[in-house]
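Grab a pencil and your favourite viewer. Here are a few exercises to work through, each followed by a solution in steps.

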Amino acid sequence: MSYDICTVGTGPAGLAAALALAQTGLRIAVIGPAPNGQDTRTAALFAGSVTLLENLGLGEACRADGEPIFAIRVIDDMGGLLRAPEVTFTAQEVERELFGLNISNVGLVRALRERMLQSSNITLIEDNVTAVTVADDHAAITLAAGPVVTARLVVGADGRNSLCRQAAGIDIKTWGYDQSAIACTFTHSGKHRGISTEFHRPAGPMTFVPATPNSSGLVWVEHPTVAAEMAALDTEAFRVVLAERLQGLLGDIGKIGPRAVFPLSGLVAKDAGRSRVALVGEAAHVIPPIGAQGLNLGLRDAASIADCVTDALATGADIGGDSVLAAYGRMRHTDISARIWSIDLLNRSLLVQSPPVQALRGLGLHILKSVGPLRRFAIREGLHPSFVMPRLMQPHAASAGSPHP
Ligand SMILES: Cc1cc2nc3c(=O)[nH]c(=O)nc-3n(C[C@H](O)[C@H](O)[C@H](O)COP(=O)(O)OP(=O)(O)OC[C@H]3O[C@@H](n4cnc5c(N)ncnc54)[C@H](O)[C@@H]3O)c2cc1C
């Protein structure tokens with residue numbers, strides 16, 4: 001029960017981190033429960049994330065399960081006197097075929113697990129961790145079933161209430177939003193034409209992301225009381241309100257999948273790595289589901305920790321030592337802070353109803369619509385920050401495709 005690296009958490013960020021780290025040839029343990037298959041969310045994954053998945057050997061699964069996104073349209077539905085212009089960002093204008101792929105969380109986790117089970121240097125332990133103890137040269141991870149696993153580096157991918165984060169003594173900053181998101185998928189008679197549409201509404205955005213050729217994933221942000229009421233409606237009543245909000249955009253609404261409500265909140269860990277623990281995914285940062293940034297950020301964590309461990313191996317450094325974790329922290333700091341700040345600003349710009357704020361928001365959209373270079377810059381940086389390019393997010397990374405022998 002002694003490994004080089006132990007990844008705690010079997011969500012998409014943890015599984016991707018384990019696969020990325022496995023490419024170093026080190027022995028990896030992944031600890032977490034089996035998926036319950038009940039996640040109603042889809043994840044729009046942008047170019048860097050799709051490249052990572054391809055380099056981890058999931059290209060075929062992504063193409064089979066993921067629906068391409070060619071354009072992102074923003075529609076002002078604030079109901080104000082000064083309506084901001086509708087803006088459509090297309091992949092073509094930044095010389096890309098597509099922005100990315102939208103994949104169901106259930107399908108993504110299944111594909112990552114299947115790939116992981118093919119890797120001879122990853123051991124999956126389906127259990128919960130009850131304690132993590134950090135010593136000078138290793139960390140000890142106690143499983144609910146009793147045994148203790150040791151490793152030189154722990155990757156804490158155990159979500160927002162991360163036990164690994166607490167064990168490493170990493171402080172967090174948290175904040176709340178008076179908003180919840182309803183997430184589900186539904187079929188429709190009209191074509192989405194690969195366009196993801198975001199209605200900007202006073203309670204928050206309402207987004208429709210292509211899920212299959214004739215279905216879309218819905219992320220509907222509302223005041224928590226309204227979201228709870230909407231989620232509790234019977235299917236027919238929900239269909240009526242959904243149709244009202246869609247304004248005929250996707251034709252007739254067909255089958256509506258199970259709905260789940262996600263209260264919105266924010267969290268950021270003060271360090272991404274310390275005391276033999278590197279945090280990835282929501283253990284390190286939680287942001288509202290606006291602009292599809294959360295898991296894209298988590299996958300950049302996964303690819304970055306793999307870079308740091310690879311560099312440590314090249315120089316003979318301790319893979320869980322302070323210098324490696326400090327390098328990981330530096331590598332992730334600006335990207336995480338910038339996304340948290342920009343998503344928070346965008347969300348709050350919808351919630352503040354004062355005319356000057358709304359005028360500024362409208363002006364911003366107007367400038368983005370009319371100034372080509374600025375729009376192209378916003379698209380590129382929105383999809384993937386230019387200053388973060390871990391090796392596994394670069395096309396055709398050396399060990400692409402095959403799990404390590
Ligand atoms: C409505 C909505 C829509 C979204 N849409 C997008 C999108 O389009 N694009 C995008 O990029 N992001 C999106 N996100 C964000 C994205 O869903 C999350 O970032 C992602 O699911 C987080 O994955 P994770 O692996 O970090 O955490 P989780 O999925 O929470 O995984 C944590 C794992 O750790 C395990 N765990 C916890 N404690 C323990 C323990 N003690 N021992 C062992 N295991 C443990 C849990 O069982 C779980 O498997 C959306 C979020 C919401 C709410």
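**Exercise 1. The core**

Which residues touch the most other members of the largest nonpolar core? Keep in mind that you're looking at a predicted model.

*Solution.* Start with the membership: the largest nonpolar core has 50 residues, and Ile 5, Ile 28 and Leu 45 touch the most other members. Now pick Ile 5 and list its partners, skipping anything up to four places away in sequence. Among them are Leu 21, Leu 26, Ile 28, Ala 151, Leu 153, Val 155, Val 309 and Ile 319. Arg 27 is also on the list of residues that Ile 5 touches. Then look for a separate core: a second one has 22 residues, including Val 129, Ala 269, Val 277 and Leu 279. As background, nonpolar side chains tend to be buried together in soluble globular proteins.

**Exercise 2. Ala 29**

Work out whether Ala 29 is buried or exposed, and what it contacts.

*Solution.* First, place it: Ala 29 sits in strand β2, residues 28-31. Next, check the accessibility. The cut-off for buried is under 20% relative accessible area, and Ala 29 comes out at 0%, so it counts as buried. Finally, the company it keeps: beyond four places in sequence, Ala 29 is in contact with Tyr 3, Ile 5, Cys 6, Thr 7, Thr 123 and Ile 125.

**Exercise 3. Asp 307**

Find out where Asp 307 lies and what its side chain reaches.

*Solution.* Asp 307 lies in helix α7. Its relative accessible area is 8%, so Asp 307 is buried. Follow the side chain of Asp 307 and you get to the backbone nitrogen of Arg 391, at 3.1 Å. Neighbours within four places aside, Asp 307 contacts Met 331, Pro 390, Arg 391 and Leu 392.

**Exercise 4. The ligand**

Describe the shell around the ligand, then find backbone atoms that lie by its oxygens.

*Solution.* Count the shell first: 31 residues surround the ligand, with Ala 44, Val 129, Glu 282, Leu 295 and Asn 296 coming nearest. Sort the shell by type and you get 15 nonpolar, 12 polar and 4 charged residues. Now the backbone. A backbone N or O atom of Leu 295 lies 2.8 Å from a ligand oxygen; for Pro 12 the distance to a ligand oxygen is 3.4 Å, and for Thr 10 it's 3.5 Å. Then the area: the ligand alone exposes 1000 Å², and the protein buries 84% of that. Last, the elements giving two or more residues to the shell are α1 (12-22), β3 (42-46) and α7 (294-315).

Methods: Residues numbered from 1 in each chain as written. Predicted model: local features only at pLDDT ≥ 70, side-chain atom pairs only at ≥ 80, totals over all residues. Heavy atoms only, no water. Core = buried A, V, L, I, M, F, W, Y, C linked by side-chain atoms within 4.5 Å. Buried < 20%, exposed > 50% of the residue type's maximum accessible area, 1.4 Å probe, protein only. Contact = heavy atoms within 4.5 Å. Polar contact = N/O pair within 3.5 Å; in protein donor to acceptor, adjacent residues only side chain to side chain. Areas by Shrake-Rupley, 256 points an atom, 1.4 Å probe, with all protein chains shown as cover. Helix = DSSP H or I, 4+ residues; strand = E, 2+ residues; numbered from the N terminus. Nonpolar A, V, L, I, M, F, W, Y, C, P; charged D, E, K, R; others polar.
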